[in-house]
Amino acid sequence: MQKVLVITGGSKGIGYETARLFQQQGHKIINISRSPLEFPDVINLSCDISQTDWLAASRQALLGAIAECSEVHLIHCAAALYKDSVIDVSQDSLKEVMQIAVYAPAELNQVLLPQMQSGSSIIYVGSTLSEKAVANSFSYVTSKHAVIGAMRATCQDLAGKNIHTACVCPGFTDTDMLRTHVGQSEEILTAIAEGVSFQRLLKPTEIAKTLYFCATNPAINGAIIHANLGQIEA
C-alpha cells in the first residue's frame, strides 16, 4: 500500500519543495491549492481554501485519492500574509487569513482522520511569528499563534491513535510570499538576513527537509520545531 502526502499550498515556495521531496521518497502527492503543482503524477485538487465552502466540491475526490493508502501525511502549508495592524486590519481580511490557517485545516483534519492509519501524521506550518510578533502583520501573527494552539490540541485529542503531530516554524525564507511582502526590495531582504546568525535567508528546500523529518518521526509528537538558522535577538 502506498504512502501519501496531502498538502495545502503545494504549488509554490515551501509547499512546492516539500511536495517534490515527498515524491522523491516515493509518496503519492495530493495538492490542494488554487494553482496546480506541475509535477508528473500529482493529483491537483483546485480549491480556494480561503472560501468557507471550499470543501464541498472536493471531499469525494479527496477521499477517493487516499483510498488504499497505508499512511497519510497531512501538511497544512497554505498561508496568507498581508500588511495590516491592530489599528487598521479589516474584519474581512482577518477572517480570510484565519480561514486559511485555522478553519480549513480543522475541516481537512476531520475529513481525513477516519482514513488515517497508524503511522500517519498531521503537520502544521507555523512561523517564527507563531511565538513572537512584528509590527504591521496583525492578521498573520494572530493566525500563526493560533496554529500552535491547534497543533497542541491535535496532539492531545489524538492520544492513543498512533497519529502524531508537530508544528514547524520557519524563519525568514526566500519565497515569493516574503518577497512580495517587502515589495521586492533587496535592501530589505538584506537587512532581514543581517538579523539571522547565518546572515542569509532560509531556502524552501531546508524547510521541506524539516517537514519531512517531522512527518516521518513520531518521537516529535506535540513538538514546536523552530527552523530559522538562529535569529539574533535585539
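Reader: What does Ile 7 stand opposite in E4?
Author: Ile 7 stands opposite Ile 75 there. Just so you know, this is a predicted model, where local features need pLDDT of at least 70 and side-chain atom pairs count only at pLDDT 80 or more, while totals for chains, interfaces and linings use all residues. Residues are numbered from 1 along each chain as its sequence is written, and side-chain values use heavy atoms, leaving out hydrogens and water.

Reader: Ok, and which strand pairs with E4 over five bridges?
Author: That's E1, residues 3-8, and the two pair in the parallel sense. (Strands are DSSP runs of E, at least two residues, and helices are runs of H or I, at least four, numbered from the N terminus; two strands pair if DSSP finds at least two bridges between them.)

Reader: How many bridges join E4 to E5?
Author: Four, and E4 and E5 run parallel. E5 covers residues 121-125.

Reader: Who's opposite Leu 74 in E5?
Author: Ile 122 is.

Reader: New topic: is E4 enclosed or not, and why?
Author: E4, residues 71-76, is largely enclosed by the rest of the structure, because six of its six residues are buried. Buried means under 20% relative accessible area, exposed is over 50% and partly exposed is in between, using a 1.4 Å probe and protein chains only.

Reader: So which residues of E4 point which way?
Author: Glu 71, His 73 and Ile 75 point one way, while Val 72, Leu 74 and His 76 point the other way. In a regular strand, side chains alternate between the two faces of the sheet.

Reader: And Leu 74, buried or exposed?
Author: Buried, and so are the others in both of those groups.
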